[in-house]
Every structure is written in structure tokens, then in C-alpha cells.
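Dear colleague,

I am handing over the structure we spoke of, and I would be grateful if you looked through it alongside the notes in this message. Please open it first and read on afterwards.

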Amino acid sequence: MSTLSDDTLRKILVQIQQTAVQSQRALNVSRQQSNAKERERRILQLTIDEIQTLEGDINLYKGVGKMFMMVPRKTMEQELKGQEKELTDDINSLNKKSKYLEKQFNDAQSQLRDIFHHSPKQ
């Protein structure tokens, strides 16, 4: 470290700090998106559970813009389960992304700690 010039060291520090800040911001966004999709998925699960309690082969109504369209129960269940699967996949990919960003943030913090720990005292 002592062989690097002050300007080079300063550039490295700025770059590591920027990486840490960007990772932290992206991590927060990823967690918010995951929470929103989790809420959406829970609402879909509750809707599916409610539809399954209905007896017989009945028609349901699905909101389409400002109107409602009659849809058979089987079709509605299939659509809701498809949406739930998509949300589950999205949540899983966001969780993976969050883990990667958290690791990146922790690595940047670790690098900063190492630099300041091993820097000569002035």
C-alpha cells in the first residue's frame, strides 16, 4: 500500500465507496420489490383459497378495465395459479439478487476496513 501514490490510493478508495453505496441502494430496491411481490402473492393465495371453498362449477367475474367479464371457475383458478407461479419465480430471483448484492456490499466494506486498518498512522 505504501508504494501507491496518494492520488491512486484516493481513486481506489472512492471506487470502493461508490461500489458499496451502489450495492446498498440496489439491495434496498431489491428488498422492496421482493416485499411487494410477496404481498401480491399472498393476496393471490387468499383469492385461490376463497375460490376453492365455493361449491359446484360456477362462473366468476374477472375485472377487465372498467368492466367485468364472466369466466369459468377452472379458467380463473388456472390463471391465478399461473400468476402465483410467476410471482414465486420473481421472488426467488430477487432473493438471489439480494444475496449477491449483500455479498458485494460486505466485500466493499471489508476492503475499506482492511485499507484503513493497514494504513500507516499519521
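What follows is an account of what was found in this model, which is a predicted one.

I begin with helix 1, which covers residues 6-53. Helix 1 has 48 residues and spans 70 Å from its first C-alpha to its last, close to the 70 Å expected at 1.5 Å a residue. Its buried residues include nonpolar ones such as Leu13, Ile16, Leu27, Leu44, Ile48 and Ile51, but also Ser23, Ser30, Ser34 and Arg41. Among the elements that cover the buried residues of helix 1 are strand 1 and helix 2.

Those two covering elements belong to the next part of the chain. Strand 1, residues 59-64, pairs with strand 2, residues 67-72, in the antiparallel sense, and six bridges join them. Within this pairing, leucine 60 has valine 71 of strand 2 as its bridge partner. The hairpin leaves two residues between the strands, and there glycine 65 adopts a positive phi near 65 degrees.

Leucine 60 and valine 71 appear again in the largest nonpolar core, which has eight residues and also holds Leu44, Ile48, Ile51, Met76, Leu80 and Leu87. Helix 1 and helix 2 are the elements that give two or more residues to this core. Apart from it lies another core, of seven residues, including Leu13, Ile16, Phe105 and Ile115. As background, nonpolar side chains in soluble globular proteins tend to be buried together. Isoleucine 48, a member of the eight-residue core, is in contact with Leu80, Lys81 and Glu84 once its neighbours within four places in sequence are left aside.

A polar site may also interest you, and it concerns serine 98, which lies in helix 2, residues 73-118. Is serine 98 buried or exposed? Because its relative accessible area is 9%, and buried means under 20%, serine 98 counts as buried. Its side chain is joined to that of serine 30 by a polar contact of 2.7 Å, and serine 30 is itself one of the buried residues of helix 1. Not counting residues up to four places away in sequence, serine 98 touches Leu27, Ser30 and Arg31.

Turning to charged side chains, the count of salt bridges comes to eight, and I describe some of them here. Lysine 62 and glutamate 79 meet through their side chains in a salt bridge, at 2.7 Å from N to O. This pair links distant parts of the chain, with lysine 62 in strand 1 and glutamate 79 in helix 2, 17 residues apart. Lysine 62 counts as partly exposed at 31% relative accessibility, and glutamate 79 is likewise partly exposed, with a relative accessible area of 30%.

Other salt bridges lie within helix 2. Arginine 73 and glutamate 77 form one at 3.4 Å, N to O; the two residues are four apart in helix 2, about one turn, and both are buried. Lysine 85 and aspartate 89 form another at 3.2 Å, N to O, and because they are four residues apart in helix 2, about one helical turn separates them. Here lysine 85 is exposed, at 51% relative accessibility, whereas aspartate 89 is partly exposed, with a relative accessible area of 39%.

With kind regards

Definitions and conventions. Residues are numbered from 1 along each chain as its sequence is written. This is a predicted model: local features need pLDDT of at least 70, side-chain atom pairs count only at pLDDT 80 or more; totals for chains, interfaces and linings use all residues. Side-chain values use heavy atoms; hydrogens and water are left out. Two strands pair if DSSP finds at least two bridges between them. Buried means under 20% relative accessible area, exposed over 50%, partly exposed in between (1.4 Å probe, protein chains only). A polar contact is a pair of N or O atoms within 3.5 Å; within protein, one must be able to donate a hydrogen and the other to accept it, and residues adjacent in sequence count only if both atoms are side-chain atoms. Contact means heavy atoms within 4.5 Å. A nonpolar core is a set of buried Ala, Val, Leu, Ile, Met, Phe, Trp, Tyr and Cys residues joined through side-chain atoms within 4.5 Å. The expected span of a helix is 1.5 Å times one less than its number of residues. A salt bridge is a side-chain nitrogen of Lys or Arg within 4 Å of a carboxyl oxygen of Asp or Glu.
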